[in-house]
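Colleague: Please take a close look at the surroundings of the ligand in this predicted model. Which residues are the closest to the ligand, and how is the shell around the ligand made up by class?

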Amino acid sequence: MHSPLVVLGGGPGGYAAAFLAADQGMEVTIVESSPVLGGACLMHGCIPSKALLHVAHVMREARELQTWGVDIENVVIDVDRMRAQKETVLRRLAGGLGQLAKGRKVNLVQARGTLIDNHTLKLDGSGGSNPAAATLSFDHLILATGSRPAVPGPLAVDSDRVMDSTAALELKDVPDRLLVVGGGYIGLEMATVYSALGSQVTVVELTDGLLPGVDRDLVRNLQRRLSSQLSELHLGTQVQALTAAATHVMAQCGKAGESWAGEFDRVLIAVGRRPNSDGLGLENTAIQLDDRGFVVTDDQLRTAESHICAIGDLAGEPMLAHKASHQGRLVVAGLQGQVATFGEQVIPAVVFTDPEIAWCGITEQTAKQTATVVETAMFPWAASGRAQAVGRPDGLTKWFVEPGSERLLGCGIVGVGAGELIAEATLAVQKKLTVKDITSTIHPHPTMSETVLASAEAFYGTATEIYKPRRPG
Ligand code: NAD
């Protein structure tokens, strides 16, 4: 079998590339080992986590109505129905993707694809519309095989009490005592879910703070609220070993030479993800991997085999679905003869905790690392009418500004719905807008989006909701 364009992997990078290519008139085949499109993001990541975080958020909001004189008693959680509802959402979305592929006449092959040379994939477990094919040759290939949870040796325990993010999202039950290893994106999102559902959650994080790399003032707001939700939080502490018994898991933890052990009903390991670059047969091509296993590409996402591109988690950090789908679109533009490069792209990031943390462009850490001089303008949500009205003044919006030009270099937000607000800031930073571009734009009142405006006004000392003159005269 031959297809001019083959996409290996049907996640948000792969299907975006394939659909767009088909829309542009190309003949496309997606090779995907799972029976449905959507990848880890849809089936074991972004979407199921957001479904469960939605439940957690509504539950917390309902409890907090006490302040308003509303007591919601007798909350009963039916985990089986919750799981079934989550699976309904996933089935609906996966079914939609299948229909979209069919409508576009994208050829779907359900198989594991391995490169046997630089123009041929061997197909194992071939199914779908071409069950008999054993090999598939191509003119162009887009590698979009994503990533999987990393489990370091001492934590790799063969017990269903020890879970990765995929298993934790299956929501088998609500354990009484859950240990979360790693205070990063996944650890904190899942800690938010399970603590709302009633687990006693302990988070152990290796570094001295949660979400390493994220600005400390943003994390501080989150940590304040999280500490009332978590049973225990241990920073600067390493989970060194896990031992599973029939009824529990023992965790051996160490901090500055001291060690302690804890007993838990379940453990979630969330210490990072690794690219799915092994087992692809890349050794049968000239494609190179870097020392972390990412496929090396140029700024047009071409590998050392220029007719083979790599996108998404496979092609490097940050491992975010929206980066993957954008790269998929760029690669298709490249196949159409355009020179589309990925170098200058501003990539927003969102941690969907409660409150959410979102940022784009430069951060405190990257400013320090690149010795970039920035001015910072902040607006605390305690001064936002909308934030006060909904009882969530625990937010902060800030801009990083280039002195002199007043160009917006980055934005950081912590607060309810920060993930939605960051889109405006991403546009501003991507398009090299200035502080005045934001201050001269009317934002709707009363909304949290006004904090994006007000923090820009704070740069000039003209935010009327706070009194902090910045530039007298
Ligand atoms: P992460 O890199 O965000 O966090 C892992 C954490 O584990 C780090 O803080 C690290 O210091 C800590 N750690 C490592 N070893 C440890 C040990 N032995 N004991 C205690 N702590 C230890 O990784 P993640 O949370 O697994 O997420 C992986 C990637 O998935 C993220 O980098 C992100 O790109 C992506 N992701 C994104 C979202 C989102 O966009 N909202 C959500 C989930 C995952």
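Modeller: A residue is taken to be near the ligand if one of its heavy atoms lies within 4 Å of it. In this predicted model, 23 residues surround the ligand, and the closest are Ile186, Glu189, Glu205, Gly272 and Val350. By class, the shell consists of 13 nonpolar, seven polar and three charged residues.

Three of the closest residues can be described through individual atom pairs. Glu205 places a polar side-chain atom 2.6 Å from an oxygen atom of the ligand. Ile186 and Val350 approach through the backbone instead: a backbone N or O atom of Ile186 lies 2.8 Å from a ligand oxygen atom, while a backbone N or O atom of Val350 lies 2.7 Å from a ligand nitrogen atom. As for the cover provided, the ligand taken alone exposes 840 Å², of which the protein buries 82%.

With regard to secondary structure, the elements that give two or more residues to this shell are α6 (185–197) and β12 (238–244). Of the elements, α6 gives the most, with four residues.

A separate feature of the surface may be added. Leu65, Trp68, Val70, Ile72 and Val75 form a nonpolar patch there, with about 460 Å² of accessible area together. Leu65 belongs to the loop between α3 (46–64) and α4 (79–103). The relative accessible area of Leu65 is 31%, so this residue is classed as partly exposed.

Conventions:
Residues numbered from 1 in each chain as written. Predicted model: local features only at pLDDT ≥ 70, side-chain atom pairs only at ≥ 80, totals over all residues. Heavy atoms only, no water. Polar contact = N/O pair within 3.5 Å; in protein donor to acceptor, adjacent residues only side chain to side chain. Areas by Shrake-Rupley, 256 points an atom, 1.4 Å probe, with all protein chains shown as cover. Nonpolar A, V, L, I, M, F, W, Y, C, P; charged D, E, K, R; others polar. Patch = residues over 30% accessible without salt bridge, like charges linked within 9 Å, V, L, I, M, F, W, Y side chains within 5 Å. Salt bridge = Lys/Arg side-chain N within 4 Å of Asp/Glu carboxyl O. Buried < 20%, exposed > 50% of the residue type's maximum accessible area, 1.4 Å probe, protein only.
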